[in-house]
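Here is a walk through the hollows of this protein and the places where its helices meet. Keep the 3D view open and click along as you read.

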Amino acid sequence: MQDLFAEQLKALRAASLDRHLAEIGTAQNPEIEIAGRRLLNFSSNDYLGLANDSRLRKAATEAINEFGVGAGASRLISGTQSPHLRLERALAEWKSTEAALCFSSGHAAALGSIPALVTKNGVVLLDKLCHASLIDGAKLSGARLRVFPHNNLRKLESHLEWARREYAGRRLLIVTESVFSMDGDRAPLRELVELKKRFDALLMLDEAHAAGVIGLHGRGLAAEEKLSDDVDVQMGTMSKALGASGGYICGSHDLIEWLINRARSFVYSTAPPPAIAAAAAAAIGFLSSPTGEERRLLLWKRINLMRELLPVNAMNPRNDNASSAIFPWIVADEQAALDLAAALKTEGFLVPAIRYPTVAKGSARLRITVTAAHEENQIRSLCKAIERKCQ
């Protein structure tokens with residue numbers, strides 16, 4: 001068995017697809033320490049710089065003092081601690097939905113909710129670039145799965161026509177993201193809502209990379225486009241812009257009650273630590289305040305600066321309408337992406353190389369993420385370094 005793993009690892013290395021863990025000796029910040037070396041961090045999804053914020057630390061510490069560290073068991077076994085209920089009320093109010101339910105991670109939210117929404121008798125229609133958790137949840141449901149090319153509304157319409165013809169009377173679920181994690185572009189949400197209404201389908205929207213970033217007080221793409229009432233299932237995570245951890249589903253009271261009874265990753269998992277729930281609730285409170293909105297608008301100043309300064313070439317044309325805090329720098333070749341990431345690291349920048357299977361073969365890239373905590377000079381320095389290395 002050991003020889004089998006050794007051979008498999010050898011094949012990964014030969015294809016430049018092996019991965020390794022790097023120990024960080026500091027909190028999440030624009031500047032971090034790896035192996036004793038200080039690096040400017042352009043790899044984090046901590047878009048608003050809240051992961052090490054004093055408000056969240058204070059909320060977590062107070063919750064530990066009152067509720068301890070662990071939750072003890074699943075919420076259906078040992079009861080629900082107050083911080084979890086406070087967080088869910090805050091999430092529902094923030095997202096303008098009737099109710100919300102928290103999970104231990106965004107991945108767990110997808111794995112639990114999709115099989116509860118649609119069974120083997122139904123059909124899931126999934127954007128090709130959806131996150132792995134959504135793909136895994138769709139497969140786990142046992143439903144018939146059809147994938148449509150990224151943001152291709154015509155193909156989705158064709159799939160919906162097929163599903164209504166071949167699976168008449170069955171439940172249809174369209175799954176997509178607000179902001180796609182590796183390309184940073186947005187879903188055509190208004191058109192997706194029109195299609196879901198025409199074909200009487202459910203629409204599930206993963207707001208993981210939009211929450212905290214897009215819309216007034218960071219309520220996400222559905223809120224910004226005034227479509228919250230038309231999105232049946234709003235999914236997200238507290239581990240990115242909210243600076244904490246865990247996933248959530250927001251929707252109707254009936255949806256949440258159903259998930260409490262049928263989402264296996266909720267039913268059979270110990271509840272997240274109460275301190276994490278308290279920190280996430282503090283993040284939502286901050287976002288909903290004028291100071292939080294100022295922080296979000298500062299993030300967009302940093303995003304626009306990156307858009308202006310990032311070099312251009314044949315594979316990376318200028319993006320005049322930056323739609324998120326994610327900037328892919330396409331390299332194509334896996335080893336070339338690793339080499340570029342290593343070269344930038346020697347100059348003091350942490351920018352991850354993203355390769356297959358996270359992205360398609362031949363589309364390896366650097367994934368640059370901008371946060372509100374970055375200084376202008378840090379963004380300028382990175383862009384100049386990329387320009388030097390890619391001449």
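Let's start with a pocket. Helix H14 (334-346), strand E11 (349-350) and E12 each supply at least two residues of the lining of the second largest pocket. The biggest share comes from H14, which gives four residues. Before going on, remember that this is a predicted model, so treat what follows as a reading of computed coordinates.

**The two pockets**

The second largest pocket holds about 630 Å³ of space. It has 21 lining residues, and the ones closest to its centre are His20, Ala22, Leu350, Pro352 and Ala353. Sorted by class, the lining has 13 nonpolar, three polar and five charged residues.

The largest pocket comes to about 830 Å³. Its lining counts 36 residues, with Cys130, His131, Ala132, Ser181 and Thr358 lying nearest the centre. Two or more lining residues come from each of helix H5 (106-117), helix H6 (132-141), strand E8 (233-237), strand E12 (353-354) and strand E13 (364-369). The class split here is 14 nonpolar, 12 polar and 10 charged.

Strand E12 is a handy landmark, since it gives at least two residues to the second largest pocket and two or more to the largest pocket. The loop between E12 and E13 holds proline 357. The peptide bond leading into that proline, from tyrosine 356, is cis, with omega near 10°.

**The closed cavities**

How many cavities of 30 Å³ or more does a search of the whole structure find? There are two.

The largest cavity has about 70 Å³ of space. Around it sit Ser74, Arg75, Cys102, Phe103, Ser104, Ser265, Phe266, Ser269, Thr270, Ala271 and Pro272. Strand E3 (99-103) and helix H11 (264-267) are the elements that give two or more residues to this lining. By class, that makes five nonpolar, five polar and one charged.

The second largest cavity has a volume of about 40 Å³. Its walls are His84, Leu87, Cys102, Phe103, Met238, Ser245, Gly246, Pro272, Ile276 and Ala277. Helix H4 (82-95), E3 and helix H12 (274-287) each put in two or more residues. This lining has seven nonpolar and three polar residues, and no charged ones.

Compare the two lists and you'll find Cys102, Phe103 and Pro272 lining both the largest cavity and the second largest cavity.

**Where helices meet**

Three helix pairs are worth a look. Here are their packing values:

| Helix pair | Angle | Distance between axes |
|---|---|---|
| H13 (290-309) and H15 (376-389) | about 25° | 10 Å |
| H2 (54-67) and H12 | about 145° | 8 Å |
| H14 and H15 | about 130° | 10 Å |

Take H13 and H15. With an angle of about 25°, the two helices are therefore roughly parallel to each other. H13 passes H15 in a right-handed crossing. On the H13 side the contact uses Arg302, Leu305, Met306 and Leu309, and on the H15 side Glu376, Ile379, Arg380, Leu382 and Cys383. Six of these residues are nonpolar, three are charged and none is polar.

H15 also packs against H14, the helix that gives the most to the second largest pocket. What angle do H14 and H15 make? The answer is about 130°, which makes H14 oblique to H15. The crossing is right-handed. Leu340, Ala343 and Leu344 of H14 touch Ala385, Ile386 and Lys389 of H15. That contact is made up of five nonpolar residues and one charged residue, with no polar ones.

The remaining pair is H2 and H12. H2 crosses H12 in a right-handed sense. From H2 come Arg55, Leu56, Ala59, Ala60, Ala63, Ile64 and Phe67, which meet Pro274, Ala275, Ala278, Ala279, Ala282, Ala283 and Phe286 of H12. The contact has 13 nonpolar residues, no polar ones and one charged residue. H12 is also one of the elements lining the second largest cavity.

**One more backbone detail**

Serine 16 has phi near 60°, a positive value in a residue other than glycine. Look for serine 16 in the loop between helix H1 (2-14) and strand E1 (31-34).

Terms used. Residues are numbered from 1 along each chain as its sequence is written. This is a predicted model: local features need pLDDT of at least 70, side-chain atom pairs count only at pLDDT 80 or more; totals for chains, interfaces and linings use all residues. Side-chain values use heavy atoms; hydrogens and water are left out. On a 1 Å grid over the protein atoms alone, a cavity is a set of points where a 1.4 Å probe fits but cannot get out, and a pocket is an open set with protein on both sides within 12 Å along at least five of seven lines; lining residues have an atom within 4 Å of a point. Grid points are joined across faces, edges and corners, and a volume is the space filled by probe spheres set on the points. Ala, Val, Leu, Ile, Met, Phe, Trp, Tyr, Cys and Pro count as nonpolar, Asp, Glu, Lys and Arg as charged, and the others, Gly among them, as polar. Axes are lines fitted to C-alpha atoms, for helices over the stretch in contact, and angles run from 0 to 180 degrees between N-to-C directions. Angles under 35 degrees count as roughly parallel, over 145 as roughly antiparallel, 65 to 115 as roughly perpendicular and the rest as oblique. A crossing is left-handed if the near helix is turned anticlockwise from the far one by less than a right angle, and right-handed if clockwise. Contact means heavy atoms within 4.5 Å.
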